[in-house]
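Visitor: I'm new to reading protein structures. Could you take me on a close look at one part, the place where two helices meet, and then show me a sheet for contrast?

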Amino acid sequence: MSICDTEKSVDEMDARERARYIDDLTPRGGLYTEVQREVHPQSNSSWRVSPDPWWLPPPVLSHLEALGQHLYQFYKALNLLYSQSIRGIQPTWVSRYLDLGKSEEVIKFGQMSRFKSHVPLVIRPDVIPTRSGMIATELDSVPGGIGFTASLAERYAKLGDQIVGGANGMVTGFAQMVRDVAGTDAPVLGVVVSEEASAYRPEMSYLGDQLNAAGLETYVIGPEELSFVEDGLFIDGAHGRRRIDVIYRFFELFDLRNLPQIDLILYAVRKGLVKITPPLKAYHEEKMMMALFHHPLLSNFWHQHLGKKSVAFLRQTFPKTWILDPAPLPPHGVIASLEIAGQSFSDWRALGHLGQKHRQLVIKPSGYSEMAWGSRGVTIGHDMAERDWQGVIDEALRAFEQTPHIMQEFHNGATFSASYYDYETDQIETFRGRVRLQPYYFIFKDKAVLSGLQATVCPADKKILHGMVDAVVIPGAVKK
């Protein structure tokens, strides 16, 4: 029987009833996940449903709140680094790395002077709590999960829990960000979702419904639904023909040439007929930005433009990262800051002969590739045979000019206890798992505001932490 059929208040519910109540509020099939898989015929969710949110201790919440502003400043400094590299003020290899594999069109658009100061206004890191601290393994400036996390927050808030950002924090934060971009309180927003990202269309439609309910006129559309006339881009909506003031692009730049009417969209953006966020800057989507942060030859730049506090904070947050460049080093050269078991290296292929326990390393595409989002293309050194690991290194080096790869230190997440409702036993079950935290920061009035947080708790034997059928997915909250 559905808990919604009872007359109990949320304060009277036990843990089983809380979990079933949350599940009853979930549209059938979950709606917001990339791949819909059935947990149980009686469940609406394609993940394990917990009776409780992810409780954040006050120091952890304070740390995550501070992280957003540091990341925002980092993106602004990265803009300057790229610009100065192009002009020869900083090393030219920086911009060369960041432009690898990209079309001339994308590179030129990202270098346009009128967009020079533009940075992503939605920032979402993947944060892994470890025994030694909070590690951000990736930064995403075109993140999925905005609508999904908004829906989780809304549902769990109905239980009376104090959700990070508030019950509607994701919606109000997103709306404030859009109004800030538009420079007006009543813009018309077009959320443009590509075919490549169509699996996320349901959650973006949910977000669009919530934004409309909150008073921000929003249309979640494919690029083919836009029409262009002399003075802008238009959509035929419920209120007739409406001019779009702001495009929120939910498409990756590697996919640009596959978008219908992309030439009209780019023309409207260039002419200032519509504003777009995130900016069309492919280097913002490169994971190698963490390698640039750790590069010893750029240390003075980061200290000058971030300051000691941010540099110290981000050094503790970003794992050591290297760009897998196959260029040979001279006999006296070594790969900077790479030392394993007391050994230095001058050739990436030498890492292929390390013993399994010394291969605590991750290799993945840096960006601008269909393999660079989600968990695609990620390989973990100590989780594979030596021959396979050698093959991964060889392939990453061969792909350098078109799809550069990075290597990172692997940080094993700390384990926590998580609970979920088991439909088979009608009981609350517990397991030990590792958690990935995804805080969402929206930028407005030059501040990064933590507006929501999604926690994904995976069984402890999983090396890559992502949404899966046996994971618990919940919003972050703090104890009252």
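Guide: Happily; here is the helix pair, followed by the sheet. Keep in mind that this is a predicted model.

Start by finding helix H5, residues 146–157, and helix H7, residues 201–213. Where they pack, their axes are 7 Å apart and the angle between them is about 60°. Angles from 65 to 115 degrees would count as roughly perpendicular and those under 35 as roughly parallel. H5 and H7 are therefore called oblique to each other. The crossing of H5 past H7 is left-handed.

Now zoom in on the residues that touch. H5 brings Ile-146, Gly-147, Phe-148, Ala-150, Ser-151 and Glu-154, while H7 brings Glu-203, Tyr-206, Leu-207 and Gln-210. Sorted by class, this contact has five nonpolar residues, three polar ones and two charged ones.

Next, turn to the sheet. Strands of a sheet pair through backbone hydrogen bonds, in either a parallel or an antiparallel way. Here four strands make an open sheet, ordered S12-S17-S15-S16, with antiparallel pairing. Strand S12 (321–323) and strand S16 (379–380) are the edge strands, each pairing on one side only.

Follow S12 to its partner, strand S17, which covers residues 405–409: the two run antiparallel and are joined by three bridges. You can spot Ile-323 standing opposite Ile-406 of S17.

Finally, look for helix H12, residues 386–398, which lies across strands S15, S16 and S17. H12 runs at about 40° to S15, the strand of residues 361–365.

Technical notes: Residues are numbered from 1 along each chain as its sequence is written. This is a predicted model: local features need pLDDT of at least 70, side-chain atom pairs count only at pLDDT 80 or more; totals for chains, interfaces and linings use all residues. Side-chain values use heavy atoms; hydrogens and water are left out. Two strands pair if DSSP finds at least two bridges between them. Contact means heavy atoms within 4.5 Å. Axes are lines fitted to C-alpha atoms, for helices over the stretch in contact, and angles run from 0 to 180 degrees between N-to-C directions. Angles under 35 degrees count as roughly parallel, over 145 as roughly antiparallel, 65 to 115 as roughly perpendicular and the rest as oblique. A crossing is left-handed if the near helix is turned anticlockwise from the far one by less than a right angle, and right-handed if clockwise. Ala, Val, Leu, Ile, Met, Phe, Trp, Tyr, Cys and Pro count as nonpolar, Asp, Glu, Lys and Arg as charged, and the others, Gly among them, as polar.
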